[in-house]
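Work through the exercises below with the sequence and the model side by side. Each task is followed by a solution in steps.

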Amino acid sequence: MAAVNGGSESQPAKHQEVGHKSFLQSDALYQYILETSVYPREPASMKELREVTAKHPWNLMTTSADEGQFLSLLLKLINAKNTMEIGVYTGYSLLSTALALPDDGKILALDINRENYEIGLPIIEKARVAHKIDFREGPALPLLDQMINDEKFHGSFDFIFVDADKDNYLNYHKRLIDLVKIGGVIGYDNTLWNGSLVAPPDAPLRKYVRYYRDFVLELNKALAIDPRIEICQLPVGDGITLCRRIN
Ligand SMILES: C[S@@+](CC[C@H](N)C(=O)[O-])C[C@H]1O[C@@H](n2cnc3c(N)ncnc32)[C@H](O)[C@@H]1O
């Protein structure tokens, strides 16, 4: 299989064990996109963070370079300024967001694990975008509840990227729909869940893939009928569903 984290000479990225983070018909075509359109334009800091992350034992979790590029363009297209990210890991999507926002842009970044964020932090600091980030360590849900209880946060976010515990996505959605502004966007990551959503019941799935599969199926069903949003589910990375709040 083609290297996912191209350019890195370290141990192979964990994605390779479970299929790359794309639903294209061939690894070669995915590699073509990375090498033609993504890597040549990837900021040096993001390349450095991608390569550092590739050496980490949980590198399976990182956002892929093509999705990082997608997020960056999307944020610029919608002129995002105030954003939130749930699920930071070493910070690849966070750095992509921080680089895309204007100098006075803000990212509220939530993760239960600060240690992994600190792997990326020196690179984020070197890229001179750390001042945009307010990192909070801890489970996201209680913090979202605090914000829900404070009117000033309602409708205050231009963009929210959710890439954390899939069994909580519907709980997040119940809160985020009030926190994102009308016309703002929530992006739910991994909504194609490694292709497992259409696997037969007896398919040999990894334990965690099988465990979270039903939650992702439920999320997709709920988003599809939610009248408060317009949606588009894109086969970028492991699938990202964009939800634009309409009322
Ligand atoms: C797939 S990784 C995020 C990848 C990241 N977006 C990137 O670009 O590398 C998922 C992250 O969600 C975090 N997480 C899991 N449960 C969480 C929770 N309840 N609240 C906040 N973060 C959580 C994990 O610690 C992990 O770092």
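Two strands pair if DSSP finds at least two bridges between them. Helices (H or I, at least four residues) and strands (E, at least two) are DSSP runs, numbered from the N terminus. This is a predicted model, in which local features need pLDDT of at least 70, side-chain atom pairs count only at pLDDT 80 or more, and totals for chains, interfaces and linings use all residues. Residues are numbered from 1 along each chain as its sequence is written.

**Exercise 1. Strands β4 and β5**

Find how many bridges join β4 to β5, and state whether the strands run parallel or antiparallel.

Solution. Step 1: locate β4 at residues 157–162 and β5 at residues 180–189. Step 2: count the bridges between the two strands; there are 5, and the strands run parallel. Step 3: pick out one facing pair, Ile160 opposite Ile186 of β5. Step 4: check the cover of β5. A residue is buried if 20 or more other C-beta atoms lie within 10 Å of its own, exposed if 12 or fewer, and partly exposed in between, with C-beta atoms placed from the backbone. By this count 7 of the 10 residues of β5 are buried.

**Exercise 2. The two sides of α7**

Determine which residues of α7 are buried and which on the other side are exposed.

Solution. Step 1: within α7, residues 140–148, the buried ones are Ala140, Leu144 and Met147. Step 2: these three lie on the same side of the helix because they cover an arc of only 55° around the axis, the arc being that of the directions from the helix axis to the C-beta atoms. Step 3: on the other side, Pro142, Asp145 and Gln146 are exposed. Step 4: the buried residues are covered by elements including β1 (82–86), β2 and α8 (169–179).

**Exercise 3. Around the ligand**

Describe the shell of residues around the ligand: which come nearest, and how do they divide by type?

Solution. Step 1: a residue is near a molecule or strand if its C-beta atom, placed from the backbone, lies within 6 Å of it. Step 2: 21 residues surround the ligand, and Thr63, Gly87, Tyr89, Ser93 and Ala164 come nearest. Step 3: α5 (92–100) and β2 (106–111) each supply at least two residues of the shell. Step 4: sort the shell by type, where Ala, Val, Leu, Ile, Met, Phe, Trp, Tyr, Cys and Pro count as nonpolar, Asp, Glu, Lys and Arg as charged, and the others, Gly among them, as polar. The result is 10 nonpolar, 8 polar and 3 charged residues.

**Exercise 4. The loop between α4 and β1**

Place Lys81 and Asn79, and decide how exposed each one is.

Solution. Step 1: Lys81 is in the loop between α4 (65–77) and β1, and Asn79 lies in the loop between α4 and β1 too. Step 2: Lys81 has 15 C-beta neighbours inside 10 Å, so Lys81 is partly exposed. Step 3: Asn79 is exposed because 11 other C-beta atoms lie within 10 Å. Step 4: two residues are in contact if their C-beta atoms, placed from the backbone, lie within 7 Å. Leaving aside neighbours within four places in sequence, Lys81 is in contact with Leu101, Pro102, Gly105 and Asp158. Step 5: the phi of Asn79 is near 55°, a positive value in a residue other than glycine.
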